[in-house]
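Grab a pencil and get your structure viewer ready. Try each exercise yourself before you read the solution under it.

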Amino acid sequence: MDIEHLRIGIDIGGTFTDLVSIDESGLICTAKTLSTPEDPSLGVMTGLELLAKKSTQSLSSLLKKTTLLIHGTTVATNLLVERKGAKLAMISTEGFRDILELREGTKANRYNLRTPFPQPLIPRPMRHTIKERVGWSGLIKESLNLAELETALKELRQHNVEGLVVCFLHSHRNPSHEIEVRKLVKELGWKVFVSLSHEVLSREGEYDRASTATVNAYVGPGLQGYLSKLERRLEKSGLNIPLLVMQSTGGVLPILEAGQLAGGSINSGPAGGAMAAGMFSAMSEIPLAVSYDMGGTSTDICLIKGSVPLERHTTEFEDVKIAVPTLDISALGAGGGSIAHLDRGGILDLGPSSAGADPGPACYGKGGLEPTLTDANLILGYISTETFLGGELSLSIEDAQNAIQERISKPLNLAPELAAIAINALASSRIAEGIRAATVRRGLDPRDFSLFAFGGASGLHAEAVINELSIPRAIIPREASVLSAIGFLSTDVRRDYHRSVGRPISDLDANELRSVFTELEAEAKNNLEAQGFDSENMKLVHSLDCRYARQVYTVNVRAYPSDFECDELNWLTAEFETTYKNLFQHIHDTEPGFIDTCNLTIFGTLPRLALPKHEIGDLDPGKAQKGERNIFISEWLSARVYWFEELSHGMRVQGPAVIDSPTTSVLISPDGVAEVDAYGSLHLYSNL
Amino acid sequence: MTKTTIDQITTEVISHRFAATADEMMATLVKTSYSPNIKERRDCSVAIFDTSGNMVALSAIAPLHLSSLLGMVKNITERHPIESLKPGDAFLTNDPYVGGGSHLPDLTLMNPVFVENQVVGFVANLAHHSDIGGKVAGSESADCTSIFQEGLRVPPVKLLNEGDLVKDVLDIVLLNSRTPHQREGDLKAQIATNATGVRRVKETFQNFGIKTVQSALSSLLDYAEARARAEISKLPDGEYHNEDFLDNDGVEDKLIPLKVAVTIAGDEIHFDFTGSADQIAGARNMPLIATQAGVYYVVKAITDPTLPPNSGYFRAIKVTAPEGSIFNCRAPAAVGDRGATGNILGDLLMGALADVMPERVMAGCGPLHGLIFSGIDPRTGEYFVDYETYAGASGALIDQEGKDAVRVHVSGAANLPVESVEQEFPLTVERYELLTDTGGAGKFRGGLGTRRDVCILAQSGKLAGRGLRETVAAPGLFGGAKGHVGSFFLHPDSNHEVKLPGSFSEYPVDSGSIVRVETPSGAGYGDPLSREPAKVLDDVINGKVSSAGAEADYGVVLKDHSVDENLTRELRDQRGGGYEQ
């Protein structure tokens with residue numbers, strides 16, 4: 001088979017490493033292998049071998065044909081979660097040694113006395129302060145004491161420090177002192193990972209900047225080390241193109257920059273799923289979508305507007321604040337492995353603890369005694385005992401029943417199938433609530449959305465979720481279980497540039513604003529040119545974060561090149577007021593809006609991924625049917641069973657039915673109906 | 001599916017919806033308000049009530065805010081009968097004696113929610129405004145001796161009449177504040193917040209039907225009550241006592257005794273404050289509702305922190321305090337600084353229950369210290385008021401250190417970032433750091449207090465300060481040492497250093513003056529001589545305890561960055577400590 005211009009997406013998850021390759025004709029090949037947390041690059045190589053085998057070629061011939069390789073990784077996430085990051089030191093303004101430990105002076109849950117703050121990522125002896133002072137306006141009040149700095153750096157260097165964090169007050173207004181630190185580090189010949197707070201986050205708020213720069217330095221060296229190891233392995237095996245790394249923002253960066261801005265990889269994996277949902281939205285021309293990716297332990301939810309996933313500014317990760325933009329993915333502790341239990345008041349509850357992969361749900365027969373969502377779905381007949389994970393794992397209904405019987409049925413005095421259906425319903429309602437929070441909280445009506453359901457465990461809840469929220473339809477892509485890896489292939493190279501302005505709109509004239517953006521554009525274009533992009537393959541997105549002068553939170557106002565041709569800034573005032581009013585139902589009409597920050601995002605466009613589109617063929621789904629199986633809904637009934645992969649464009653499946661594939665199952669209730677679209681995706685409709 | 005199962009799930013969905021609505025309201029309030037105290041420090045709360053005034057959802061960073069919310073429905077409907085309410089009405093109030101509030105800066109706005117032409121509930125939000133008039137800039141000072149000195153009193157009055165702003169009322173509020181522009185921005189934010197709440201609550205009632213939602217709410221209240229009672233039942237019946245003191249009454253230097261008797265009987269718990277001081281001259285009096293809020297916080301924190309935030313669990317708790325006492329003050333007692341007393345109340349109650357539930361309570365805590373800066377900003381020529389508080393630290397627990405630099409018990413707002421302080425106000429922060437050796441020694445150490453130096457660059461600058469645990473330090477538990485006391489200083493580390501009292505106001509400061517705040521720290525838990533030497537070493541390495549402190553407070557002798565086992569054993573034996581522990 002002659003495959004040229006192959007594109008490969010690789011997603012390293014907690015349990016599995018997923019690989020997807022797509023050739024020019026759109027032919028998709030997938031592979032799944034166990035992750036190897038000790039050295040994740042080993043799992044990647046095994047996966048690539050598998051992928052090569054599936055397309056009957058050698059690894060080196062596969063890699064030689066590869067023109068794009070995008071990688072999403074949990075390396076950064078794991079370093080943070082497991083607290084195995086770099087040994088760090090910090091340099092800050094005199095008098096402010098303890099920024100990291102003083103935090104925000106409060107804690108979110110006032111009633112929980114027993115959860116301690118996490119240990120600071122930089123111990124106190126490794127935090128040095130230097131005489132220097134930049135004022136609130138950016139004016140230097142006291143110049144940097146270089147002698148003191150040199151002494152501090154020399155002292156820290158003796159402690160095998162791997163990462164140096166620099167956070168001076170007001171560096172977002174004037175970064176020169178932070179830059180001087182890096183200069184001196186270089187002059188001293190110290191090869192240490194340097195994280196300057198203003199580069200990681202150019203925004204007011206010293207704790208946010210310090211914390212974010214610290215996370216960046218904490219995961220940076222580890223991520224860099226891993227990426228260069230992986231790059232070496234790939235090069236040795238024949239890859240001759242640069243490796244790109246998926247970022248939390250949904251863009252990709254070459255490994256050098258990905259390593260420097262390591263804090264931007266914390267959401268690398270889930271971002272792939274959100275990007276894939278964006279891609280499917282674009283293919284099916286869906287204006288508003290919400291995606292949920294339900295795996296073993298959690299469900300990741302993201303909103304997709306005009307095929308672009310929404311973003312957020314700040315993430316609290318295990319009580320550590322990371323204030324850089326990321327796709328606005330919210331995680332719920334509900335997945336197939338979530339444990340069902342009775343709470344202190346005797347009420348049924350699900351998760352957030354999970355049985356994980358080991359021992360896994362009771363039905364895996366690996367010694368798990370706690371009943372999980374997967375056990376409930378098995379008892380209900382929604383999951384087949386034979387085809388789970390492509391038949392590699394046979395499931396024990398008996399073990400599932402025992403677990404549910406002991407922990408749920410007996411205490412609640414419910415028949416096992418009633419307990420199971422209550423667990424299933426609780427999961428659906430959790431997901432629905434998460435989706436509601438993601439939509440309604442933004443003032444958006446779920447009825448205007450389509451739902452993308454992917455990840456192994458989602459198909460059994462999709463119909464219930466859309467019915468509960470009155471979402472008109474759910475779409476389940478055929479490649480649901482490896483969708484994140486596909487998502488990597490639907491992205492572009494992306495860099496974000498910001499310039500803090502801090503002035504009322506009425507204070508600026510159009511020329512000034514234009515020149516701010518012109519500077520940002522020049523910087524952005526230079527960067528992408530250096531990566532080999534020509535101007536035709538660059539896309540620029542301009543926006544301004546605006547607010548009223550006395551507010552802190554900003555609303556993002558999109559700007560277009562034509563706006564900058566105007567001689568006045570009335571357009572900006574009008575856009576800001578409209579956006580603000582939509583969000584908050586009022587404006588302050590006697591006050592000018594205030595420009596906080598100008599933002600420029602540059603995309604280096606990568607070749608579009610086009611999945612094959614199929615013509616309508618045989619409409620009879622009977623050919624895809626694989627017999628029947630008993631399922632419990634409100635009573636036991638017989639449901640037709642179909643093979644997902646054999647259902648083709650235009651086929652319509654009437655419930656009650658279950659659609660199985662090696663990695664997922666989809667439930668269609670007696671009132672439900674599903675249709676297959678041109679890409680092989682299933683569409684379920686709510687019973688409105 | 002059985003009927004009970006369906007109901008449980010519906011109830012849960014409805015409960016989540018109300019919680020999500022409260023969160024969404026909170027986000028609107030924080031995002032759209034103007035004053036740093038609300039937008040950054042999040043000194044604000046929102047709640048949703050049923051028609052009888054039961055709170056069914058809450059989003060709050062400070063437990064004390066409950067006190068300005070709980071009495072609201074009753075007080076508003078007494079003045080404006082429920083039949084007279086119209087869609088689009090919104091009521092503003094702050095008064096503790098006629099409005100159900102707990103101190104004047106907390107302006108609370110409440111809207112009825114109408115579905116099918118009937119009131120189905122109320123949404124409310126509270127925002128701590130940084131100036132509401134009165135004798136002191138910032139409207140909160142422990143030395144006020146009457147509520148009439150503390151600012152504008154607003155009984156429940158309409159701020160919106162069927163959706164239209166009642167400008168006359170707004171004008172009264174604005175005219176009485178030293179910083180009217182911020183007040184207007186904040187009030188607009190409060191109006192927008194309730195508009196959001198009304199819309200969402202309405203949707204919930206419309207989606208599920210009035211009857212279903214009402215019955216779900218009532219079962220949620222019952223559920224919270226049942227859970228609280230189940231927890232209380234586990235505690236041994238009996239009567240438990242404790243006593244603590246306020247440093248002063250805000251006016252005169254004399255200790256103010258606080259007493260509690262806690263009676264546990266079956267699934268009920270009763271807190272009786274008889275024997276505590278009569279209401280005091282200064283502003284640290286607590287309206288009964290504030291006392292209740294403090295009690296509800298403690299019960300939830302030490303029984304089951306996951307109790308749903310609704311009125312149901314209050315039913316298992318009884319609170320009594322003699323009328324006219326510090327815990328149930330009468331008009332016109334000043335109440336501005338009731339939060340300070342509320343934090344000592346937290347220690348008082350935890351101390352009372354320490355023998356009953358040693359594994360749940362905290363040792364005494366270092367409460368926040370507050371400063372209010374005012375004057376003319378030379379950069380703009382405008383008058384400014386900066387209301388800030390600085391975190392103290394929490395006491396140790398049975399198996400862990402107290403938290404450093406954190407607001408404790410009933411208070412909860414966040415720090416104002418130093419960069420925001422300097423941007424917004426004519427102030428520069430010279431240092432902000434942890435105070436070594438302040439954590440009360442113990443088998444587990446109390447949290448460290450903080451030190452902050454602020455340089456004032458205002459013209460005609462004035463300073464007001466307030467803080468407790470400046471004389472009476474946070475009490476330790478089971479042999480743990482007390483916390484360190486807090487202090488205010490002017491011109492620190494100079495030869496004209498002045499120690500300021502624990503409550504002062506309208507203190508003139510020249511431009512260029514530096515004020516220092518040292519916040520009190522948390523107390524220790526258990527005998528310090530039984531603290532693992534390795535932990536003491538760790539504290540020394542991390543600068544939380546000095547080498548001298550290790551020896552003096554813990555009997556641990558260090559040599560070359562490690563513990564000298566022999567000398568430590570000797571020293572501890574001399575002091576009769578339990579080294580083996």
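Below are five exercises with worked solutions, and the model they use is a predicted one.

**Exercise 1: A helix with an inside face**

Find which residues of helix α11 (residues 533-541) of chain B are buried, and work out how they are arranged around the helix.

*Solution.*
Step 1. Count neighbours: a residue is buried if 20 or more other C-beta atoms lie within 10 Å of its own C-beta. In α11(B), Pro533(B), Val536(B), Asp539(B) and Val540(B) are buried.
Step 2. Recall the geometry: an α-helix has 3.6 residues a turn, so residues three or four places apart point the same way.
Step 3. Look down the axis of α11(B): the buried residues fall within an arc of 115°, so they line one face of the helix.
Step 4. Ask what they pack against. The partners are α12 (547-554), β21 (558-559), β22 (562-563) and α13 (565-574), in chain B.
Step 5. Move just past the end of α11(B), and you'll find Gly543(B) with a positive phi of about 70°.

**Exercise 2: Two helices crossing**

Describe how helix α6 (residues 180-208) and helix α7 (residues 210-233) of chain B cross.

*Solution.*
Step 1. Take the two axes: they come within 6 Å and cross at roughly 110°.
Step 2. Name the arrangement. Angles of 65 to 115 degrees count as roughly perpendicular, so α6(B) is roughly perpendicular to α7(B).
Step 3. List who does the touching. From α6(B) it's Thr204(B), Phe205(B) and Phe208(B), and from α7(B) it's Ile210(B), Thr212(B) and Val213(B).
Step 4. Sort them by class: four are nonpolar, two are polar and none is charged.

**Exercise 3: One phenylalanine in a loop**

Is Phe425(B) buried or exposed, and which residues is it in contact with, leaving aside neighbours within four places in sequence?

*Solution.*
Step 1. Place the residue: Phe425(B) sits in the loop between α10 (418-424) and β14 (427-434) of chain B.
Step 2. Count its neighbours. There are 24 other C-beta atoms within 10 Å, so Phe425(B) is buried.
Step 3. Leave out neighbours within four places in sequence, and Phe425(B) has contacts with Phe373(B), Asp377(B), Phe384(B) and Asp386(B).
Step 4. Check one of these pairs: Phe384(B) is 41 residues from Phe425(B) along the chain, and their C-alpha atoms are separated by 7.3 Å.

**Exercise 4: Hairpin and sheet**

Work out how β1 and β2 of chain B pair, then trace the strand order of the sheet that holds β29 of chain A.

*Solution.*
Step 1. Start with β1 (residues 44-50) of chain B: it pairs with β2(B) in the antiparallel sense over five bridges. Ser45(B) stands opposite Ala60(B).
Step 2. Check the turn. Four residues lie between the strands, and Gly53(B) takes a positive phi near 95°.
Step 3. Check burial in β2 (residues 55-60) of chain B: six of the six residues are buried, so the strand is largely enclosed by the rest of the structure.
Step 4. Switch to chain A, where four strands form an open sheet with mixed pairing, in the order β29-β30-β32-β33. Its edge strands are β29 (625-632) and β33 (665-668).
Step 5. Zoom in on β32(A) and β33(A), which pair in the antiparallel sense over four bridges. Here Val658(A) stands opposite Leu667(A).

**Exercise 5: Where the chains meet**

How many residues of chain A are in contact with chain B, and which element supplies the largest share?

*Solution.*
Step 1. Count both sides: 53 residues of chain A are in contact with 60 residues of chain B.
Step 2. Find the largest share on the chain A side: α13(A) supplies it, with nine residues.
Step 3. Sort the chain A side by class, and you get 23 nonpolar, 14 polar and 16 charged residues.

Methods
Residues are numbered from 1 along each chain as its sequence is written. Chains are lettered from A and ligands numbered from 1 in the order in which they are written. This is a predicted model: local features need pLDDT of at least 70, side-chain atom pairs count only at pLDDT 80 or more; totals for chains, interfaces and linings use all residues. A residue is buried if 20 or more other C-beta atoms lie within 10 Å of its own, exposed if 12 or fewer, and partly exposed in between; C-beta atoms are placed from the backbone. The arc is that of the directions from the helix axis to the C-beta atoms. Two residues are in contact if their C-beta atoms, placed from the backbone, lie within 7 Å. Axes are lines fitted to C-alpha atoms, for helices over the stretch in contact, and angles run from 0 to 180 degrees between N-to-C directions. Angles under 35 degrees count as roughly parallel, over 145 as roughly antiparallel, 65 to 115 as roughly perpendicular and the rest as oblique. Ala, Val, Leu, Ile, Met, Phe, Trp, Tyr, Cys and Pro count as nonpolar, Asp, Glu, Lys and Arg as charged, and the others, Gly among them, as polar. Two strands pair if DSSP finds at least two bridges between them.
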